[in-house]
Amino acid sequence: MPKSLYVDPNEIRASGKMVFEDIPVNAYNKTIAQEKKNFAKDDFVRIFRDISILREFESMLNLIKTQGLYNGIETTYPGPAHLSLGQEAAAVGEAYLLEKNDFIFGSHRSHSEILSKSLSCIQKLSDQELMDIMENFLGGKTLRAVEKFGKTDNVKELAIRFLIYGTLTEIFARENGFHKGMGGSMHAFFLPFGVYPNNAIVGGSATVATGAALFKKCNRKDGIVVCNIGDGSLGCGPVWEAFNFAAMDQLTKLWEEGKNNGMPIIFNIFNNSYGMGGQTRGETMAYDFLARIGAGITPSQMYAERVDGFNPLAVIDAYRRKKEILAEGKGPVLLDVITYRFSGHSTSDQNAYREKDEIEAWREFDPIVTYRKSLVDAKIEKDAKFDEILEETKERMTMICKAAADESISPYVDFEKNYYVIEDMMFSNEKVEKMLDEEPSVLGPKESCSRVQQIAGKERFHLKDGKPVSKLKLFNIRDALFEPIIDKFYEDPTLIAYGEDVRDWGGAFAVYRGLTDVIPYSRLFNSPISEAAIVGTAVGYGMCGGRSIIELMYADFIGRAGDEIFNQMSKWQAMSAGILKMPIVLRVSVGSKYGAQHSQDWVALCAHIPGLKVCFPATPYEAKGLMQTALNGTDPVIFFESQRIYDMGEMFHEGGVPEEAYEIEFGDVNCVKSGSDFTILTIGATLYRAMDAAKELEEKYGMSAEVINLHSLVPLNYEKIVESVKKTGKVVLASDACARGSFLNDIARNISELCFDYLDAPPVVVGAQNWITPPFEFDQYFFPQDKWILDAINEKIVPLKDYTPTTNFTAVEQMRKSKLGV
């Protein structure tokens, strides 16, 4: 869409051919003697030591899960164990050259990556740096436990014990785990060593890791990102979205000088030939050689390469070369790292999908045997030394396992003592005005923005001198959203906004219009039509300490990002025991005239998911205050907006919308009209139809309605609602969402329980029909109208004199619809 990119018909229609370059396949062929210039004797040996630690850790878990016994220690745990037995050399090779500031993300099978990256970090950090990390992590609680089961004056050995113990107690769901046992085996991580969250959703880390790379790129932070996923994940759409997002042309062609380099990310695919039981090559995939897919993403073919992951030196060699490519600003990179898991998908897997001969054939090339032999043959070390390492590793692991299984040393989180322990982790509820104390990157002073100048001349209340203000001169909901957004761009240097058509177009509904005057490309950019990547990258960006506003255009598109909203955005604060923050505002609009797939109110879906804050402003005053609160916070917010009312001016707040910044507390409600006979609760655009109904009640029937708009749905403070219902004894709830499964039903239930003794009749919910949304011409038959509210009152609460209903709210009709599923 940028005018600078001219689509030349002569170029596009010209004849020619595409040329592809050869993709290297297992090209590494160096001997140990040749590698001596890159590795000292101790380096060669330490690589073996690290492989042995990973192998013993996974073997220990396998015995615990299958036999309840490890080296004389009787213990077990009910959680999962997706082991990487056989894949250790690939993980150690990957981690060898990585620094503390290099971040890795993993999958459900990532114990080895956690340990190898951390062991690499331990080797590179000074004793003082290690002690500072251990002392300061969770107040030193994990370190104090480690000090109980064996003294050592060797800080690096202490750090290794700390690492293994913290990882194992996390898997065992113990309080001394790296995030208090809230993540467990499939979600473990340790940020101080650059180990970012692993992900139980297959391919889930692809978009999240891309977001971490985006953070480094946008904020000029050192280091690279490695996304570890398996070959089975190549069947997942979000993975392909992540590849494309990480390689967008605009990153190098349109972004400003200094930020116009490629994404610093390596997609490291551990290719063990299997998904769960499905074999990728030859059965569930079409690529033949996985590395081939790089040719389908970028002209550089993502610098794709197949590497023998059974040789740690081959992997190290690949990383040495690929890191140079990223340093030159040419990312992303794709590595197809072949490996093999000797164990099943999980410990309950009976391996019915593969022959025993196949497993044994791969065991002949087991790196813990073959790499050891290569070092002995090259006279790097005598064979007895490796027996010593294996014995030392087993002794250490036994000591740590015993302590991790001992509840007196490694207790569980005490729910008896603090029943609300997880509740307290669900939201951070912090106010952080800027995520980094740096100067924001802008193109000029805020006052030079044409939209700012335009808004300055608008009226902030819908009446002036008692007369309606024209739409062109009226400060509306679009403007109310724009003000806190542009203010935050000038306050928080990490703030970025992206989504579909948000830049030159100004957003699908013009909320961002004018921002391009002052906000550079790297902070406001068009994303691909990739909803999963839009949300998933924001999650990774937030994990690394950045704030984002992302837009999905229509609420109906939430389904395209279901996992990223419901499993990623919502859960990581609590799964991390509060270590991670998630400062994301996800804007979605509820359509009104575009039919069944573009006009749905899905508030209930989002409100149902624990860990998300949900709001739906219906007035300019609400919109500005809630957006300000969302942008100052550190929690994920789903920010619903109605397309019906973007042009609406402020009709209720005395004095109109303030020019200065202000916040509206999440959970609060907005009483827009006082009354004594009825309470009408609204969500979204139905506020205005409820006001029409209230006016008719008063003028025709002499009844006074109190109208309260629920602009904040999660959290929701019921105090003012209860106070109103106790006063009126009657309540109607209205929204544009389909009545079945509506969030209003939850509110109605709570009102019934909280106000039972005060109710003259049950609460009545007025929602849209349980149909597809028909074309706009039939709106009046599908969405709640003001008359529907009166119909409901007349039928369900109190008869209105001489009233003729327009719709059927009888019990018979209610049962008929339920029986038919409509």
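This briefing describes the nonpolar cores, one long-range helix and one surface patch of the structure above. The model is a predicted one. Its largest nonpolar core has 189 residues, and helix 3, covering residues 41-67, gives the most to this core. On the surface, a nonpolar patch of about 640 Å² includes F778.

**Nonpolar cores**
- Within the largest nonpolar core, which has 189 residues, those with the most contacts inside it are L214, I565, I638, F640, I747 and I751.
- Helix 3 (residues 41-67) gives 11 residues to this core, the most of any contributor.
- Apart from the largest core lies another core, of 70 residues, and among them are I477, V502, A761 and I797.
- Leaving aside residues up to four places away in sequence, I747 touches L681, L710, L716, Y718 and L733.

**Helix 3**
- Helix 3 has 27 residues and reaches 38 Å from its first C-alpha to its last, which is close to the 39 Å expected at 1.5 Å a residue.
- Because 19 of its 27 residues are buried, helix 3 is largely enclosed by the rest of the structure.
- Just after helix 3 comes G68, which takes a positive phi of about 70°.

**Surface patch**
- The nonpolar surface patch of about 640 Å² is made by W771, I772, F778, Y781, L820 and V822.
- One of these residues, F778, is placed in the loop between strand 22 (764-768) and helix 27 (779-782).
- F778 has a relative accessible area of 43%, so this residue counts as partly exposed.

Conventions
Residues numbered from 1 in each chain as written. Predicted model: local features only at pLDDT ≥ 70, side-chain atom pairs only at ≥ 80, totals over all residues. Heavy atoms only, no water. Patch = residues over 30% accessible without salt bridge, like charges linked within 9 Å, V, L, I, M, F, W, Y side chains within 5 Å. Areas by Shrake-Rupley, 256 points an atom, 1.4 Å probe, with all protein chains shown as cover. Salt bridge = Lys/Arg side-chain N within 4 Å of Asp/Glu carboxyl O. Helix = DSSP H or I, 4+ residues; strand = E, 2+ residues; numbered from the N terminus. Buried < 20%, exposed > 50% of the residue type's maximum accessible area, 1.4 Å probe, protein only. Core = buried A, V, L, I, M, F, W, Y, C linked by side-chain atoms within 4.5 Å. Contact = heavy atoms within 4.5 Å. Expected span 1.5 Å × (residues − 1).
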